[in-house]
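I opened a fresh notebook page for this one. My plan is to look things up one at a time and jot down what I find.

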Amino acid sequence: MTDFLYPFIEGQEDDVDALLVDLASSARAKAAESARLQEASLRELEPAIDACATAMTDRFMRGGRLYTFGNGGSSTDAATLASLFSHPATGRPLPAWSLAADQAVVTALGNDVGFELIFSRQVIAHSRPMDIVVAMSTSGNSDDLVAALAEARRRGLLTIGFAGYDGGRMAELSAVGELDHCFTIRSQSIHRIQESQARVGHLLWVRTQDLIAQSRARAATTPGGAR
């Protein structure tokens, strides 16, 4: 069951020392590749991250809320991102929820109206025009995510997609102006894609926190501004 992760492990491995050397070498190689991809991704995406953080800050400052969603491992990444905004270790908590978190709602919608609508129906139920949605995917092609992004855009929400490989349908939507922001991690490895997406999400949070703090500081020093 570990062949896809450690192809050098054979069925009859008798040399424990050699196996440990191979495992350590594999772990170092994966860590190095992950670090390289993260740095390359941030260099490529930094201007887009800044633009997205500026747009998110504007929405939050006007009372907007963040909704995140994804499938499988990406659903846990989406929940982590929502938690980072809503329960940060430092900084100002911001309203954020994962639409995959409520099992009763997800399974009811999947059973009653179809899995491809589990997130778009929640967008309809909960969202307001000043809100934000983030769809997290490794392929960028998931029908339920694309449907939710389309519904969110129709309702005036800020739409953000995380994808991998070549960006899939999310990248296509972004290219024609149907997705506000798309962050594509250019890798063929699901593991490396998700690791770099986590870095992008964290940087979005950092930049948003900084911009909100700057905005509040300016307001506090402006005659008649918030104090």
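**Entry 1: a first residue.** Leaving aside neighbours within four places in sequence, which residues is Thr 57 in contact with? I looked, and I found Thr 208, Leu 211 and Ile 212. I noted that Thr 57 lies in helix α1. I then asked whether Thr 57 is buried or exposed. Its relative accessibility is 7%, and buried means under 20%, so Thr 57 counts as buried. A reminder to myself: this is a predicted model.

**Entry 2: the whole protein.** I stepped back for the overall picture. I counted seven helices and five strands. From the N terminus on, I read the order of elements as α-β-α-β-α-α-β-α-β-α-β-α. I looked up the span of the C-alpha trace along its principal axes, and it is about 75 × 50 × 35 Å. Of the 227 residues, 39% are buried. I also checked contacts with a separation of 6 or more, and 68% of them join residues 24 or more positions apart.

**Entry 3: the largest core.** How many residues does the largest nonpolar core have? I found 29 residues, and those with the most contacts inside this core are Met 56, Phe 85, Ile 160 and Phe 183. I wanted to know where the core comes from. At least two residues each are supplied by α1 (16-61), α2 (73-86), β3 (132-136), β4, β5 (181-185) and α7 (190-221). The largest share is that of α1, with eight residues. There is also a second, separate core of 19 residues, and I spotted Tyr 67, Ala 135, Ala 148 and Cys 182 among them.

**Entry 4: two residues of the largest core.** I picked Met 56 to follow up. Not counting residues up to four places away in sequence, Met 56 touches Leu 66, Phe 85, Ile 132, Leu 158, Ile 160, Leu 204 and Thr 208. That list led me to Ile 160, which I placed in strand β4 (residues 158-164). Ile 160 is buried, with a relative accessible area of 0%. Beyond its neighbours within four places in sequence, I listed contacts of Ile 160 with Cys 52, Met 56, Ile 132, Val 133, Val 134, Ala 135, Leu 149, Leu 179, His 181 and Phe 183. I also checked Ile 160 against Cys 182: they are 22 residues apart in sequence, and their C-alpha atoms are 5.8 Å apart in space.

**Entry 5: α2 and α7.** Next I turned to helix pairs. Two packed helices are described by the angle between their axes and the distance between the axes. For α2 and α7, I noted an angle of about 20° and axes 10 Å apart. Angles under 35 degrees count as roughly parallel, so α2 is roughly parallel to α7. The crossing of α2 past α7 is right-handed. On the α2 side, I wrote down Gly 73, Ser 74, Asp 77, Leu 81, Leu 84 and Phe 85 as making the contact. On the α7 side, I have Gln 194, Gly 201, His 202, Leu 204, Trp 205 and Thr 208. Sorted by kind, the residues of this contact of α2 with α7 are five nonpolar, six polar and one charged.

**Entry 6: α5 and α6.** At what angle do helix α5 (residues 143-154) and helix α6 (residues 168-175) pack? I found about 25°, with the axes 10 Å apart. That makes α5 roughly parallel to α6. I noted a right-handed crossing where α5 passes α6. Asp 143, Leu 145, Val 146 and Leu 149 of α5 make the contact with Arg 169, Met 170 and Leu 173 of α6. I sorted the residues of this contact of α5 with α6 too: five are nonpolar, none polar and two charged.

**Entry 7: Ile 185 and Tyr 165.** I found Ile 185 in strand β5. Ile 185 counts as buried, at 1% relative accessibility. Leaving aside neighbours within four places in sequence, its contacts include Leu 37, Ser 41, Leu 45, Ala 163, Gly 164 and Tyr 165. I followed Tyr 165 to the loop between β4 and α6. Tyr 165 is partly exposed, with a relative accessible area of 27%. Most residues other than glycine have a negative phi. Phi of Tyr 165, however, is near 55°, a positive value, so I put a star beside that entry.

Conventions:
Residues numbered from 1 in each chain as written. Predicted model: local features only at pLDDT ≥ 70, side-chain atom pairs only at ≥ 80, totals over all residues. Heavy atoms only, no water. Axes fitted to C-alpha atoms, helices over the stretch in contact; angles between N-to-C directions. Helix = DSSP H or I, 4+ residues; strand = E, 2+ residues; numbered from the N terminus. Parallel < 35°, antiparallel > 145°, perpendicular 65-115°, else oblique. Left-handed = near helix turned anticlockwise from the far one by under 90°. Contact = heavy atoms within 4.5 Å. Nonpolar A, V, L, I, M, F, W, Y, C, P; charged D, E, K, R; others polar. Buried < 20%, exposed > 50% of the residue type's maximum accessible area, 1.4 Å probe, protein only. Core = buried A, V, L, I, M, F, W, Y, C linked by side-chain atoms within 4.5 Å.
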